[in-house]
Amino acid sequence: MNELIKPLAEDRFQDEIEILKAWDAENGHARPYAWQLSPQAVVLFITGGMAGDTPISAKYFGADRAVQVAVATLTTDRALLLYGPPGTGKSTLSELLAAAICGNSQLIVQGTAGISEEKVLYEWDYAYRLSKGTDTGALVKTPIFRAMEAGMLARVEELTRIPSDVQDALITILSEKMMPIPELNTAVMASRGFSIIATANDKDKGVNDLSKALSRRFNTVRLELPDDEQTEINIVEHQVGKLCKAEDLPLPINLTEEIQRVVRIFRELREGQSGSEKIEKPSATLSPAEAISVISQAISMSAYFGGDDAIQADHIASGLEGVVVREAEDRLVFRNYADRILKNRAADRDLDEALRQIL
């Protein structure tokens, strides 16, 4: 049987979900209607910790407070919007919340610039309509439609990529908890437990901003990049370790040092400052997710194309170019950073030399 690249969260962590169900029962934790875990257990499932004497793995490494606010929102009749820079784990948190609360993270609408209202609400099987007429059997139910019927969480990814008129199709669903079907002179009414978790990138601001009417229907939780360097290093180390284990890749002997180097470079470029020296910022977000990508690529290069069990500077350089240089101007910004900072830092001169070959 083929092994899945990324099993669903509800399948991947089923053992922990069962442990947390028992923990809830032992401690008498109340569960909101249609939830399989209590709010306390949902937070523990996501942030990690101890359920009695049993450890629960950490699956999201953002601020615990943001997770608590997100969970608290979903105990009410309010929808949840996870908002922030790319790479802050919005989709991951959305998936984990749906998996922990209702055991189904698959009810997803992927927002795109070309998505139609029918893809958000419902469609029709036109062959059925031609042969049997327009009745409920002709309906093609979207993930939101199915979530309303089942009393589950629907996920809307990249909400601000969706055209404004299509976004506003959600207003009646969120305010009235119903979806009109005028062709059948009826409506689907949301079952208890239904809500929507949406995600949006602040980099998309101005693409299709939410109307005031729609934004009022969401509680917004902003997810930020890590405040301190060590937290960011820990996130990258944890995720890279998981990837290496999944791909059966050996851990390079200098992995920790290279993770520290990439995170330090990302933070200096994001903040526009190295020590007391001001530097120009590139257009890229340079999130932990992108640092993980750079390190993972370097590990593969080391394993398959020679590295003497260690990541080489040219392995890091090629990965950095791929994530830092997003616009034409970024190449000059990055080259100036290498000339002013990396060249004059003894530990980074090898990387400066490697970057000279490609920038």
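# A guided tour of the cores, rings and pocket

Please begin by selecting Ile 316 in this predicted model. Leaving aside residues up to four places away in sequence, Ile 316 touches Glu 258, Val 262, Val 294, Ile 295, Ala 298, Ile 311 and Leu 351.

**The largest nonpolar core.** Next, add Ile 295 and Leu 320 to the selection. Together with Ile 316, these residues touch the most other members of the largest nonpolar core, which has 37 residues. To see which helices surround them, colour α12 (229-246), α13 (255-271), α14 (288-305), α15 (313-324), α16 (328-342) and α17 (349-356); each of these supplies at least two residues of the core. Helix α13 provides the largest share, 7 residues.

**Another core.** Now move to Val 109, Ile 162, Ile 173 and Ile 196. They are among the 36 residues of another core, which lies apart from the largest one.

**Aromatic pairs.** The whole structure contains 3 aromatic pairs. Select Tyr 122 and Trp 124, which form an edge-to-face pair, 5.8 Å centre to centre with 85° between the planes. Tyr 122 is buried, at a relative accessible area of 8%, and Trp 124 also counts as buried, at 10% relative accessibility.

Then select Phe 334 and Tyr 337. This pair is stacked, with 6.3 Å from centre to centre and 15° between the planes. How far apart are Phe 334 and Tyr 337 in helix α16? They are 3 residues apart, so about one helical turn separates them. Phe 334 is buried, with a relative accessibility of 0%, and Tyr 337 is likewise buried, with 2%.

**Charges over rings.** Two further selections show a charged residue over a ring face. Lys 59 lies over the face of Phe 45, at 4.3 Å from the ring centre. Arg 192 lies over the face of Tyr 33, at 3.9 Å from the ring centre.

**The largest pocket.** Finally, display the surface and turn to the largest pocket, whose volume is about 1500 Å³. Which residues lie closest to the centre of this pocket? Of the 40 lining residues, they are Arg 12, Lys 59, Thr 92, Gln 239 and Lys 242. Lys 59 therefore appears twice on this tour: in the lining here and over the ring of Phe 45. Helices α5 (90-102), α12 and α14 each give two or more residues to the lining. The largest share, 8 residues, comes from α12, a helix that also supplies at least two residues of the largest nonpolar core.

Key. Residues are numbered from 1 along each chain as its sequence is written. This is a predicted model: local features need pLDDT of at least 70, side-chain atom pairs count only at pLDDT 80 or more; totals for chains, interfaces and linings use all residues. Side-chain values use heavy atoms; hydrogens and water are left out. A nonpolar core is a set of buried Ala, Val, Leu, Ile, Met, Phe, Trp, Tyr and Cys residues joined through side-chain atoms within 4.5 Å. Buried means under 20% relative accessible area, exposed over 50%, partly exposed in between (1.4 Å probe, protein chains only). Helices (H or I, at least four residues) and strands (E, at least two) are DSSP runs, numbered from the N terminus. Contact means heavy atoms within 4.5 Å. Rings of Phe, Tyr and Trp (its six-membered ring) pair if their centres lie within 6.5 Å; planes under 30 degrees apart count as stacked, over 60 as edge-to-face and the rest as tilted. A charge sits over a ring if NZ of Lys or CZ of Arg is within 6 Å of the ring centre and within 35 degrees of the ring normal. On a 1 Å grid over the protein atoms alone, a cavity is a set of points where a 1.4 Å probe fits but cannot get out, and a pocket is an open set with protein on both sides within 12 Å along at least five of seven lines; lining residues have an atom within 4 Å of a point. Grid points are joined across faces, edges and corners, and a volume is the space filled by probe spheres set on the points.
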